[in-house]
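Thank you all for coming; I would like to take you through one structure this morning, going from its charged pairs to its packing. Please have the sequence and the model open while I talk.

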Amino acid sequence: MPTAIAVTSADLVLPAPDRHTPGAALLHPPEQHDLEAALAGTSALLERHGHLVALVPPWLPRPTVQRLHTVRAILETDRIALLDIDLPPLGTALLARQLRQLSVCDFSPGIIASAARLLSHYIYAGALLGSVAKLDRVRVPVGLGAHARSWSPGAQFAVLAHPTPHLARLGSTGGGRGGAHGGRGGSPGGAQAAAAVLPAGPDFATHLTFARGQLTSDWVAAELAPAWQVQGVMENPLPAASPAWWGTPKLVEFAAGIPDLSVLYQLVASVRREQCRWCGLELIGDRCGFCAAPLAAPPPSAAAPAGTGRSRP
């Protein structure tokens, strides 16, 4: 059986792009399942799949994160990877689907877990917002002028949170066709107007997934998708965590990523494989997804006495 890919909410499970892609495992939060049920469910997943890779974004409620670590500690297993991935909710769901696609390939569990950080760099996640008054400044810089304009009737903002934070105000109807373009190609006349609204979109083939909140606008599908020259557009229900992450329920969230399994496979396979110095699993990048050990041993501390053994990271 392929490595299990897990999320903590059913609304983070995007539809499978083909009949070969498995579904996601659901790790219920404490208010839905008690500890005994969580232990039994996780044990069953490990029995069936061998290894479990779970995405743990920083916006999860603290009790949910604590439950995940408690279950792993009680089971005393090194076959559960809890991956800290800092993406908005819809971007997290998109990454989970890409890992589900890769789980049926001939990659070891360690490669699949460490591939999450690599693939996250190729996800473009943002939203069309009716207000940025409560948008976290750490996630996307918001100037005083943008805060003031948030109170203007009909104001809408195009926000890109990942991979490079960017914010710009659109017209009052969420349109501004000349300024909505920022992707590959496009007409030369719209190039300068494009930079005023959104940075250049991905320079590789993507599909766009979007989800509507309490904002009525077709800007994402009608203008952003053509500007970024996406190969497909899919609408999905809005994740429950999205309004809190973006600071407003008046939004249309979007995420663009690589849809083709062959491209995802080549991307991961092209990276040099290493062996984790702690748990022995394969990995790509600079850190093991299962035990979190860095690829290179840390330099010995000047205060450490000679002969001390290494400690688990």
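Let me begin with the charged side chains, where the structure holds 5 salt bridges, and let me say at once that this is a predicted model, so that everything I quote is computed from it. As a reminder of the principle, side chains of opposite charge can pair when their charged atoms come close.

The pair I would look at before the others is Asp286 with Arg117, which form a salt bridge whose closest N and O atoms are 2.8 Å apart. This pair links distant parts of the chain, since Asp286 lies in the segment after β12 (282–283) while Arg117 belongs to helix α4, and 169 residues separate the two. Are these partners buried or exposed? Neither word quite fits, because Asp286 has a relative accessible area of 44% and is therefore partly exposed, and Arg117, at 42% relative accessibility, also counts as partly exposed.

Another of the salt bridges joins Arg273 to Glu282, with the closest N and O atoms 3.8 Å apart. Here Arg273 is partly exposed at 36% relative accessibility, and Glu282 is partly exposed as well, with a relative accessible area of 31%. Elsewhere, salt bridges that share partners bring Arg212, Asp218 and Glu235 together in one network. Within that network, Asp218 forms a salt bridge with Arg212 in which the closest N and O atoms are 3.4 Å apart, and Arg212 is partly exposed, its relative accessible area being 32%.

Since Arg117 sits in helix α4, that helix is a convenient place to turn to packing. Two packed helices are described by the angle between their axes and the distance between the axes. For helix α4 (residues 109–120) and helix α9 (residues 261–269), the angle is about 100 degrees and the axes are 10 Å apart. Because angles from 65 to 115 degrees count as roughly perpendicular, α4 is described as roughly perpendicular to α9. On the α4 side the contact is made by Ile111, Ala115, Leu118 and Leu119, and on the α9 side by Leu264, Leu267 and Val268. Sorted by class, this contact has 7 nonpolar residues, with no polar and no charged ones.

Next comes strand β5, residues 124–129, which is mostly covered, with 6 of its 6 residues buried. In a regular strand the side chains alternate between the two faces of the sheet. In β5 both faces are covered, with Tyr124, Gly126 and Leu128 buried on one side and Ala125, Ala127 and Leu129 buried on the other. Which strands does β5 pair with? It is joined by 6 bridges to strand β10 (residues 251–257), the two running antiparallel, and by 5 bridges to strand β6 (residues 156–162), again antiparallel. To place these pairings on your screens, you can find Ala125 opposite Ala255 in β10, and Gly126 opposite Leu160 in β6.

Finally, I would draw your attention to a loop residue, Leu12, which is found between β1 (4–7) and β2 (25–26). Leu12 is buried, because its relative accessible area is 4% and the cut-off for buried is under 20%. What is Leu12 in contact with, leaving aside its neighbours within four places in sequence? The contacts are Val7, Trp59, Pro89, Ala93, Ala96 and Pro239. Of these, Ala96 is 84 residues from Leu12 in sequence, yet their C-alpha atoms are 7.9 Å apart in space.

Note on methods:
Residues numbered from 1 in each chain as written. Predicted model: local features only at pLDDT ≥ 70, side-chain atom pairs only at ≥ 80, totals over all residues. Heavy atoms only, no water. Axes fitted to C-alpha atoms, helices over the stretch in contact; angles between N-to-C directions. Helix = DSSP H or I, 4+ residues; strand = E, 2+ residues; numbered from the N terminus. Parallel < 35°, antiparallel > 145°, perpendicular 65-115°, else oblique. Contact = heavy atoms within 4.5 Å. Nonpolar A, V, L, I, M, F, W, Y, C, P; charged D, E, K, R; others polar. Buried < 20%, exposed > 50% of the residue type's maximum accessible area, 1.4 Å probe, protein only. Pairing = 2+ DSSP bridges. Salt bridge = Lys/Arg side-chain N within 4 Å of Asp/Glu carboxyl O.
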